[in-house]
Amino acid sequence: MRPVTVIEGRGVPLGRSDVDTDQIIPSEWLKRVERTGFGRGLFSEWRDDPAFVLNRPEYQGASVLVGAARFGTGSSREHAVWALMDYGFEAVVASSFGDIFRNNAAKQGLVTVQLDATSVAELATLVTDDPGAHVVVDVTALAIEVPAHGWRRSFELDPVVRERLLNGWDDIGLTLRHDGEIADYERRSATPPIAAALREG
Amino acid sequence: MSGRTLYEKIWEEHLVAAPADQPPLLYIDLHLVHEVTSPQAFDGLRLAGRPVRRPDRTLATADHNVPTDPISTPVADPISRRQLEVLDENCREFGVTLFPRGHENQGIVHVISPELGVTQPGMTIVCGDSHTSTHGAMGALAFGIGTSEVEHVLATQTLPQSRARTMAVTVEGALPPGVTAKDLVLAIVGRLGTGGGAGYVIEYRGEAIRSLSMEGRMTVCNMSIEAGARAGLVAVDETTIEYLRGRPGVPSGEEFERAADRWRQYASDPDATFDADVVIDASTLVPMVTWGTNPAQVVALDGRIPSPDDVPAEQREAVVRALAYMDLTPATPVRDIPVDVVFIGSCTNSRIEDLRAAAAVARGQRVAPGVRALVVPGSHRVKRAAEAEGLDRVFVDAGFEWREPGCSMCLGMNPDQLTPGQRSASTSNRNFEGRQGRGGRTHLVSPAVAAATAIRGRFASPTEVGQ
């Protein structure tokens with residue numbers, strides 16, 4: 001994972017609550033075995049509508065998606081995060097997130113900014129009224145702002161997630177430093193592996 | 001000091017290390033793998049030159065996009081076929097046991113692991129699938145993970161995990177006749193909302209839960225994620241032990257009794273306290289149907305479609321959008337709504353008891369003209385058991401399709417899909433926009449209501465068709 005410190009770019013107001021991961025990337029896209037190219041499938045059922053916000057020229061190249069309550073609920077598909085990032089989003093702002101989605105986002109370096117519902121609504125209004133306005137998400141300072149409009153809010157991130165974002169750490173590498181402890185655990189655990197008869201059949 | 005919850009017991013037992021710069025490392029006893037969320041994870045291992053640490057704790061099956069046509073029919077979709085081939089290649093390369101399409105043990109991952117006795121009490125279980133919560137019914141801590149975490153578990157057999165909060169959902173009293181585990185969990189999701197369980201592990205307790213069969217408990221735990229909770233749990237009791245006895249993955253004889261004694265400890269202590277408590281009176285519950293585009297948008301089968309005026313202001317816009325997508329008018333009686341398709345299947349409701357409940361309603365009846373009704377058993381074992389009881393004949397004689405096992409129309413990754421505008425009554429777990437096929441409209445129901453609805457052509461209870 002590459003380090004993430006500051007994200008800067010246009011914000012897109014999605015204008016919907018309860019955006020589940022089936023809507024972010026429909027299941028027909030999940031047949032692919034690659035990790036890239038999912039941006040074309042992002043919100044694909046809505047993108048047929050020319051009025052859908054991602055189709056509007058003023059929001060092309062945006063990097064911050066402004067959602068609402070309960071963004072990313074439902075399925076565990078990490079493809080939802082890959083689709084958002086492949087499309088070009090580097091951060092999602094919402095008043096709450098699905099747990100698995102948020103976890104997946106952290107693993108990939110997609111920043112999830114959780115704000116109170118009023119602040120999310122304010123930000124959505126700002127980027128609706130002024131689509132060219134730059135939104136800045138600062139992972140070091142834990143702040144999000146729209147400098148042109150003097151709007152700024154602090155946000156919280158799990159300190160572990162923040163550290164990993166700032167350093168671009170690979171989780172597996174970190175865990176394998178504990179290889180000895182894992183082996184010790186395996187020696188003392190009473191839980192058997194899958195029965196051999198099933199593994200052979 | 002107060003006692004420990006079941007969640008806390010399993011959690012503490014599986015702690016491997018508590019690094020300063022990472023969440024605690026949790027050991028994973030069992031990793032279930034399927035074709036959709038694993039290819040990129042195996043690729044990651046290959047790139048880094050890492051092996052699968054414990055192939056003997058890893059089990060794979062093909063379920064999400066397998067066709068449910070006869071096994072002799074080749075997989076027509078080249079992208080699906082490729083994904084199934086890649087699973088095959090990966091399992092061979094990394095030494096992982098695979099039950100591929102057509103294998104006698106193949107089926108939906110959350111159906112086969114419990115029925116084979118691979119899922120056992122006190123285990124930590126993960127799978128790249130949010131309905132992994134199903135296995136909590138056996139007193140195991142089981143939750144869904146993303147593909148990066150799949151790779152992490154393949155490589156290390158552990159996961160960095162922050163500790164969850166605990167929620168007790170206590171269902172007091174007895175379920176009224178005709179009210180099933182599915183109705184119960186739809187009512188729970190309706191009460192908590194899709195985000196109400198976020199950050200929690202739910203333990204289901206109380207008389208109504210204790211009275212459920214293992215399969216009923218699996219239905220309840222399965223849909224924990226629809227309330228936002230990554231895991232659901234039910235304490236081990238004699239129902240759990242008797243379910244496990246004789247299954248291929250558990251020991252036999254004396255060794256089984258010793259294991260059973262160990263498993264019986266997986267219950268919350270009487271004086272354990274939870275971070276949140278929800279109490280539900282089972283006697284007030286009725287058969288439920290979802291009307292909208294998330295599983296918390298539920299209404300009684302005897303009820304009417306709600307109006308945007310019935311809900312708090314902050315939900316109004318979502319209700320208006322859901323009504324428009326579902327093409328429904330407020331105040332319409334649910335029983336007046338016609339359906340095009342009925343789907344009986346999925347990791348929520350495709351086990352033998354589900355099929356028996358649906359067959360009891362379908363016996364001697366005919367599917368309404370113009371309705372397509374599919375029955376997709378959760379696994380080959382379920383299919384064989386149903387056929388041994390003659391349930392396949394009951395369904396086929398009534399005009400239902402009797403198909404091969406898989407996830408099928410629950411998520412429409414295979415050819416079993418709704419076409420735009422079609423309306424389904426489905427025993428699955430999600431009614432999201434487009435979930436069962438682009439433009440499709442899904443209503444979640446129990447197997448008995450699904451069967452009655454197939455026969456009447458509109459939402460119906462079993463009593464309406466003579467049950």
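A residue is buried if 20 or more other C-beta atoms lie within 10 Å of its own, exposed if 12 or fewer, and partly exposed in between, with C-beta atoms placed from the backbone. This is a predicted model, in which local features need pLDDT of at least 70 and side-chain atom pairs count only at pLDDT 80 or more, while totals for chains, interfaces and linings use all residues. Residues are numbered from 1 along each chain as its sequence is written, and chains are lettered from A and ligands numbered from 1 in the order in which they are written.

**Exercise 1.** Determine whether Phe43(A) is buried or exposed, and describe its backbone and place.

*Solution.* Step 1: Phe43(A) counts as buried because it has 23 C-beta neighbours inside 10 Å. Step 2: although Phe43(A) is not a glycine, it has a positive phi of about 45°. Most residues other than glycine have a negative phi. Step 3: Phe43(A) is placed in the loop between helix 1 (21-24) and helix 2 (44-47) of chain A; helices (H or I, at least four residues) and strands (E, at least two) are DSSP runs, numbered from the N terminus.

**Exercise 2.** Carry out the analysis for Ser346(B).

*Solution.* Step 1: Ser346(B) lies in the loop between strand 15 (341-344) and helix 12 (352-362) of chain B. Step 2: its phi is positive, near 90°, in a residue other than glycine. Step 3: with 28 other C-beta atoms within 10 Å, Ser346(B) is buried.

**Exercise 3.** Describe the sheet with the order 1-2-8 in chain B.

*Solution.* Step 1: the sheet is open and has three strands with antiparallel pairing, where two strands pair if DSSP finds at least two bridges between them. Step 2: strand 1 and strand 8 of chain B are the edge strands, each pairing on one side only. Step 3: neighbouring strands are turned by 40° against each other on average, direction ignored; axes are lines fitted to C-alpha atoms, for helices over the stretch in contact, and angles run from 0 to 180 degrees between N-to-C directions. Step 4: three bridges join strand 2 to strand 8 of chain B, and Tyr27(B) stands opposite Thr158(B) in strand 8 of chain B.

**Exercise 4.** Characterise the contact between chain B and chain A.

*Solution.* Step 1: 64 residues of chain B are in contact with 49 residues of chain A, contact requiring C-beta atoms, placed from the backbone, within 7 Å. Step 2: helix 5 of chain B gives the largest share of the side of chain B that touches chain A, seven residues. Step 3: helix 8 (residues 179-188) of chain A lies across strand 1, strand 2 and strand 8 of chain B, at about 150° to strand 1 of chain B.

Definitions and conventions: Contact = placed C-beta atoms within 7 Å.
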